[in-house]
Amino acid sequence: MADFIIAHLYPELMNLYGDRGNIICLQKRLEWYGHDCYIEAIPRGSKIQFNQYDLIFMGGGADREQKLVVNELIHQSSELKLEIEQGLPALFICGAYQLLGKYYESSDGMQIPGLNVFDFYTRKEKNRLIGNIVIAASLRGQPFTVAGFENHSGRTYFENEELRALGKVISGFGNNGQDGQEGLWYKNLIATYMHGPLLPKNPILADFLIETMMNRKGLIFKGGLDDHIENYSHEQTKKRILG
Amino acid sequence: MKKIALIIAIMAGKFASCLSRILGTGGTSIPGKIALRLYPHILSDLAANISEEIFIVTGTNGKTTTTNMLAEILKEKGYKFVHNSAGANMITGITTAFIKETDWTGKRKIDYALLETDEANVPLLLQQLHPRVVLITNFFSDQLDRYGELNNTINLIKDAVRDTDIELVLNADDPLVTHFKNETGLHCWYYGFEATNYDKLQGEASREGRYCVFCGQELLYQRFHYAQLGKFCCSECGNQNPESNFTAHSLILTPKIEMKINDIEIRSPYQGFYNAYNILAAVSLAKLVGIEDEIIQKAIANYEPRAGRMEQFEIDKRKVTLILVKNPTGLNQALATINTVPTPKAIFFALNDNVADGRDISWIWDADIEQITALDSNIEAIVCSGLRSGDIALRFKYADAQVDRIYIEDELQSGINKALSVAADATYILSTYTALFVCRDILLKLQQESITSADLIDQKQKSSESQG
């Protein structure tokens, strides 16, 4: 059996914009750290045992797909919430991020219920928030930047002041284009509008997830990969945005 | 007054074209932009000079090659036509093409217009002119950042053609295209492939159009030509490939494309399955125009690959191929073609993220780069270049390419030099759109220099022989 198992939720539905780059990144880095990692694609109609996995991942999808996913997961949302509460590492991108909230309101005012794991809601607006984005985040008191690309019509608003964003927008739109917050970071769950290959050029985030995966198995994370291409790409993206 | 405004706009457009030619800049959209600003009706006025028909070619991949091939056929037949070449496929580029073909009074009669049109520009264009035919090649994820998701793009086009008398020419093998018939009620012609020796039974993981557009059921495939193109049916509602009017069979891809379309034998210097589709689309349109088989055959046989469409160069006795890449499906097809060459090779990849490239470069992660980094694929160097050299370098790294063979050279010239400096028999220059013509100019210059220096050596040898 593989050392680590990642559950990739509904890849056939939620697979917009190169999101699988994140899965490839986690798998390869684990491999380079000396551990094999199996990616289990979770298809529609499965009963998910969340505690069997070391990390769960879900990518972005269009409205129709998002609705299908809510219908799938709504019966398991309390189990999902419990596991997240207990520190299950997770990465939710774009559409997957939105459905962790209370509801999603489409442009004609229709409310699609979410999984209600967190106290936030999302309202769709006509113009999309598109472009490169860079945010300031911090981990154990150490500041770092996260660079990526966002493309979403939904605006996400936190209703609970205790919810902590992934970071503060330096350039770009973030959760709603207004309050300067981007994403959500709760225990070992990261949810963000930065789609596609977020982890490859933000190795600090990739290693945060890997470290928590290892710690939960009683393994010690030593780090030490040669990240010069990763860092080059990160800096190049940042420069492209900030000039 | 209107007439004067038209003439001023034409003159300004022609002047801008002339100026950009002198300055050596591409200038495919600026003349149109200026003319449209001066006289917004210019396009519909000039389109009224088309005496026969207007054809629009749209879809994600293959627009340029399909339109170019059809242009070659019309040229062979001796028709006069407007054609926006070189991928300038927005309203401004199309206006530039009309200005180029008209005289200064804006009255010159022209037989046809062949308009390669960006998907998002189709609705706008249809407000200006009335084509007989809109041909749709295929739909893949491409530059999603410009229009949101693929469904939006498809709906935009569907809404624009609904309630018109336009005839559609559709790819019968793409489930994202075939449903236009049911949802628009327009008259449709179809082109498609019978089973080929290159088909696969398994689909790619990240392909589009996995679900039936009518009922949402997962489509069943008998075979895949590539991506979501293939023989499909829906077990729930019976949605399946329509019967083709133009059917390609007996396909051979290597070394060059050969096939039969209905009973016309076709030979082309092109390679790759996607180009076989482009030929099929162009021939289908030519048959609808009523052009004779012999003329079609001759034009296709003589039509050599153009800028960045597997264009060949020879530099210091080395085979160099320039390939435009812009989305996962196109890149997969390019890599599959590269993989058929067993000898050592070098790859150069220029990734830009300007608007015309698509600002979102995430698509490189949906491409199956892993197919080329397998250990036995003989890649001596991967040179990563362009504004997002780091991203493409990372993609290769995470596809398990050997890290010591990945080089980052942001600058195109030094990157190409690096790729040509490693020992390899073949070099592939892959580039996104805004770096393509710069790369091409570099390659043309290097080719010229290598011819000149070969001549010099030749002359030296000759003179030393005559002295000896």
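This section describes the fold of two chains, A and B, and the contacts between them, in a predicted model.

Chain A comes first. It contains six helices and 13 strands. Its radius of gyration is 17 Å, and the globule rule gives 18 Å for 243 residues. The two values are close, so chain A is as compact as a globular protein of that length. The C-alpha trace of chain A spans about 50 × 45 × 30 Å along its principal axes. Of the 243 residues in chain A, 49% are buried. Contacts in chain A often link distant parts of the sequence: among those with a separation of 6 or more, 68% join residues 24 or more positions apart.

An open sheet of six strands is found in chain A. The strand order is β2-β1-β3-β4-β12-β11, and the pairing is mixed. Strands β2 (37-42) and β11 (184-186) of chain A stand at the edges. Each has a single partner strand, so one side of each has no neighbour in the sheet. From one strand to the next, the twist averages 15 degrees. One pairing in this sheet can be followed in detail. Strand β1 (residues 4-9) of chain A runs parallel to β2(A), and six bridges link the two. Within this pair, Ala7(A) has Glu40(A) of β2(A) as its bridge partner. A helix also packs against these strands. Helix α1 (residues 20-32) of chain A lies across β1, β2, β3 (55-58) and β4 (90-93) of chain A. Helix α1(A) runs at about 155 degrees to β2(A).

Chain B is described next. It has 17 helices and 17 strands. The radius of gyration of chain B is 23 Å, close to the 23 Å that the globule rule gives for 468 residues. Chain B is therefore as compact as a globular protein of that length. Its C-alpha trace spans about 75 × 60 × 45 Å along the principal axes. Buried residues account for 50% of the 468 residues in chain B. Among contacts in chain B between residues at least 6 apart in sequence, 72% connect residues at least 24 apart.

The domain assignment divides chain B into domain 1 (44-302) and domain 2 (309-453). The centres of these two domains, taken over C-alpha atoms, are 28 Å apart. Their contact takes 21 residues from domain 1 of chain B and 17 residues from domain 2 of chain B. On the domain 1 side, α7 (144-147) and α11 (273-289) of chain B are the elements that give two or more residues. The largest share of that side comes from α7(B), with three residues. By class, the domain 1 side has seven nonpolar, 10 polar and four charged residues.

Chain B also has an open sheet of six strands, in the order β12-β13-β17-β14-β15-β16. Its pairing is mixed. The edge strands are β12 (309-315) and β16 of chain B, and each pairs on one side only. Neighbouring strands of this sheet are turned by 20 degrees against each other on average, direction ignored. Strand β13 (residues 318-324) of chain B and strand β17 (residues 426-431) of chain B run parallel and are joined by six bridges. Here Val320(B) stands opposite Thr427(B) of β17(B).

Two residues of chain B have an unusual backbone angle. Most residues other than glycine have a negative phi. Met310(B) is not a glycine, yet its phi is positive, at about 55 degrees. Met310(B) lies in the edge strand β12 of chain B. It counts as buried because it has 20 C-beta neighbours inside 10 Å. Ser250(B) is not a glycine either, and has a positive phi of about 55 degrees. Ser250(B) is placed in strand β9 (residues 246-252) of chain B. With 13 C-beta neighbours inside 10 Å, Ser250(B) counts as partly exposed.

The last feature is the contact between the chains. It takes 25 residues from chain B and 26 residues from chain A. On the chain B side, α7, α15 (389-398) and β16 (406-408) each supply at least two residues. Helix α15(B) gives the most, with seven residues. By class, the chain B side has 10 nonpolar, six polar and nine charged residues. Two of these elements appeared earlier: α7(B) also contributes to the contact between the domains, and β16(B) is an edge strand of the chain B sheet.

Definitions and conventions: Residues numbered from 1 in each chain as written. Chains lettered and ligands numbered in written order. Predicted model: local features only at pLDDT ≥ 70, side-chain atom pairs only at ≥ 80, totals over all residues. Domains from an automatic or database assignment. Contact = placed C-beta atoms within 7 Å. Helix = DSSP H or I, 4+ residues; strand = E, 2+ residues; numbered from the N terminus. Nonpolar A, V, L, I, M, F, W, Y, C, P; charged D, E, K, R; others polar. Pairing = 2+ DSSP bridges. Axes fitted to C-alpha atoms, helices over the stretch in contact; angles between N-to-C directions. Rg over C-alpha atoms; globule rule 2.2 N^0.38 Å. Buried ≥ 20, exposed ≤ 12 C-beta atoms within 10 Å, placed from the backbone.
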